[in-house]
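Thank you all for making the time this morning. I would like to take you through one structure, chain by chain, and then turn to where the chains meet.

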Amino acid sequence: MAKSNEPLVWAPFFAGAGLSALLMPVLILITLLAGYGVVPSKDLHGLLNHWFVRLVLFFLISLSLFHAVHRIRYILVDLGLKVARGLIAALCYGFAVIGTLVALLVATGLWG
Amino acid sequence: MKTKELVRSMPTAWWLHNRHLAKFMIRELTSFFVSGYAIFLLVMIYQVNRGGEEFRQFYFNVLQSGWMKAYGWISLIFVGFHSITSFNAAPTIMAPRWGEDKIDPRVVIAANYGLWLIISIAILIIVL
């Protein structure tokens, strides 16, 4: 049987699907509430400074990126870019890996 | 002998000819909003790292701007759609079993929605 590296991308894709589906709508709502002044600047700052919130957001950002690029990869192939599928896969997963590294630096406070 | 792969030509708008395919493609396209908000979260944490005054400026100049509110509402609609379709597809993707028996798909979907509701309310209570 031919070996496949698909599980390597399927695992973060699946984890990202669950995490983004559960958490993202309420987080967008909180951002919107901040936009309307319901969540004050000081509270949002304090929330985003908490280590547990940062840990959760790091996993959310990283896994959501892997989840999204996995789907975007297949959208682009389905929209007719089949000949460039190798390049598309490299660009998509490369973007998610870079995004994860940036998220690690930002979430740990090493960047910013 | 090495064979050449047959690449069938496919019109870009193939998914517009069928309602189910259009729905499928819209669901796939919501991924752009998921990745967009993930990047936005990253920017928000970065602004926190820059310091209290810098974050305050970001809060008033960016978070409270009209375009950001518009982007937020559009994202909420598309990411909400993304969540709903993910929960509805959960029994097909996971097909969980209880012993020898397959769990009723409606139970799996209801459990997903229930968990979503509990987590969302809990987060809102903590934040507000």
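Before I describe the order of elements, a word on what I am calling an element: helices are DSSP runs of H or I with at least four residues, strands are DSSP runs of E with at least two, and both are numbered from the N terminus. With that in hand, and keeping in mind throughout that this is a predicted model, chain B reads along its sequence as α-α-α-β-β-α, which comes to four helices and two strands.

Let me stay with chain B and its overall form. Its radius of gyration is 21 Å, well over the 14 Å that the globule rule gives for 128 residues, so chain B is more spread out than a compact globule. Taken along the principal axes, the C-alpha atoms of chain B fill a box of roughly 65 × 45 × 35 Å. Of the 128 residues in chain B, 23% are buried, and if we consider the contacts in chain B between residues at least 6 apart in sequence, 45% of those contacts join residues at least 24 apart.

Now to the helix pairs within chain B. Two packed helices are described by the angle between their axes and the distance between the axes, and I will follow that habit here. Helix H1, residues 19-50 of chain B, and helix H2, residues 52-63 of chain B, have axes that come within 6 Å and cross at roughly 140°. Angles over 145 degrees would count as roughly antiparallel, and H1(B) and H2(B) are therefore oblique to each other. On the H1(B) side the contact is made by Gln47(B), Val48(B) and Arg50(B), and on the H2(B) side by Glu54(B), Phe55(B) and Phe58(B). Sorted by class, the residues of this contact between H1(B) and H2(B) are three nonpolar, one polar and two charged.

The second pair is helix H3, residues 66-94 of chain B, with helix H4, residues 105-127 of chain B, whose axes come within 9 Å and cross at roughly 140°. H3(B) and H4(B) are therefore oblique to each other, and their crossing is right-handed. H3(B) contributes Ser83(B), Phe87(B), Asn88(B), Ala90(B), Pro91(B) and Met94(B) to the contact, while H4(B) contributes Pro105(B), Val108(B), Ile109(B), Asn112(B), Tyr113(B) and Trp116(B). The contact of H3(B) with H4(B) has nine nonpolar and three polar residues, with no charged residues.

One further residue of helix H4 of chain B deserves a mention, namely Ile121(B). Is Ile121(B) buried or exposed? With 11 C-beta neighbours inside 10 Å, Ile121(B) counts as exposed. Its C-alpha atom is separated by 25 Å from that of Met94(B), a residue 27 positions away along the chain.

Let me move to chain A. The secondary structure of chain A comes to four helices and zero strands, in the order α-α-α-α from the N terminus. Chain A has a radius of gyration of 17 Å, where a compact globule of 112 residues would have one near 13 Å, and along its principal axes the C-alpha trace of chain A spans about 55 × 30 × 25 Å. Buried residues account for 36% of the 112 residues in chain A. Among contacts in chain A between residues at least 6 apart in sequence, 72% join residues at least 24 apart.

In the segment before H1 of chain A we find Ser4(A), which is exposed, with 8 other C-beta atoms within 10 Å. The C-alpha atoms of Ser4(A) and Ala96(A) are 20 Å apart in space, although 92 residues separate them along the chain.

Finally, the place where the chains meet. How many residues of chain A are in contact with chain B? There are 45 residues of chain A in contact with 44 residues of chain B. On the chain A side, the elements that give two or more residues are helix H1 (6-35), helix H2 (41-49), helix H3 (51-78) and helix H4 (85-107), and the largest share, 15 residues, comes from H1(A). The side of chain A that touches chain B divides into 30 nonpolar, 12 polar and three charged residues.

Within that interface, the axes of H2(A) and H2(B) come within 10 Å and cross at roughly 120°, and the two helices are therefore oblique to each other. The crossing of H2(A) and H2(B) is right-handed. Here Ser41(A), Leu44(A) and His45(A) in H2(A) meet Gly52(B), Phe55(B), Arg56(B) and Tyr59(B) in H2(B). By class, that contact of H2(A) with H2(B) has three nonpolar, three polar and one charged residues.

Conventions: Residues are numbered from 1 along each chain as its sequence is written. Chains are lettered from A and ligands numbered from 1 in the order in which they are written. This is a predicted model: local features need pLDDT of at least 70, side-chain atom pairs count only at pLDDT 80 or more; totals for chains, interfaces and linings use all residues. Two residues are in contact if their C-beta atoms, placed from the backbone, lie within 7 Å. Ala, Val, Leu, Ile, Met, Phe, Trp, Tyr, Cys and Pro count as nonpolar, Asp, Glu, Lys and Arg as charged, and the others, Gly among them, as polar. The radius of gyration is taken over C-alpha atoms; the globule rule is 2.2 Å times the number of residues to the power 0.38. A residue is buried if 20 or more other C-beta atoms lie within 10 Å of its own, exposed if 12 or fewer, and partly exposed in between; C-beta atoms are placed from the backbone. Axes are lines fitted to C-alpha atoms, for helices over the stretch in contact, and angles run from 0 to 180 degrees between N-to-C directions. Angles under 35 degrees count as roughly parallel, over 145 as roughly antiparallel, 65 to 115 as roughly perpendicular and the rest as oblique. A crossing is left-handed if the near helix is turned anticlockwise from the far one by less than a right angle, and right-handed if clockwise.
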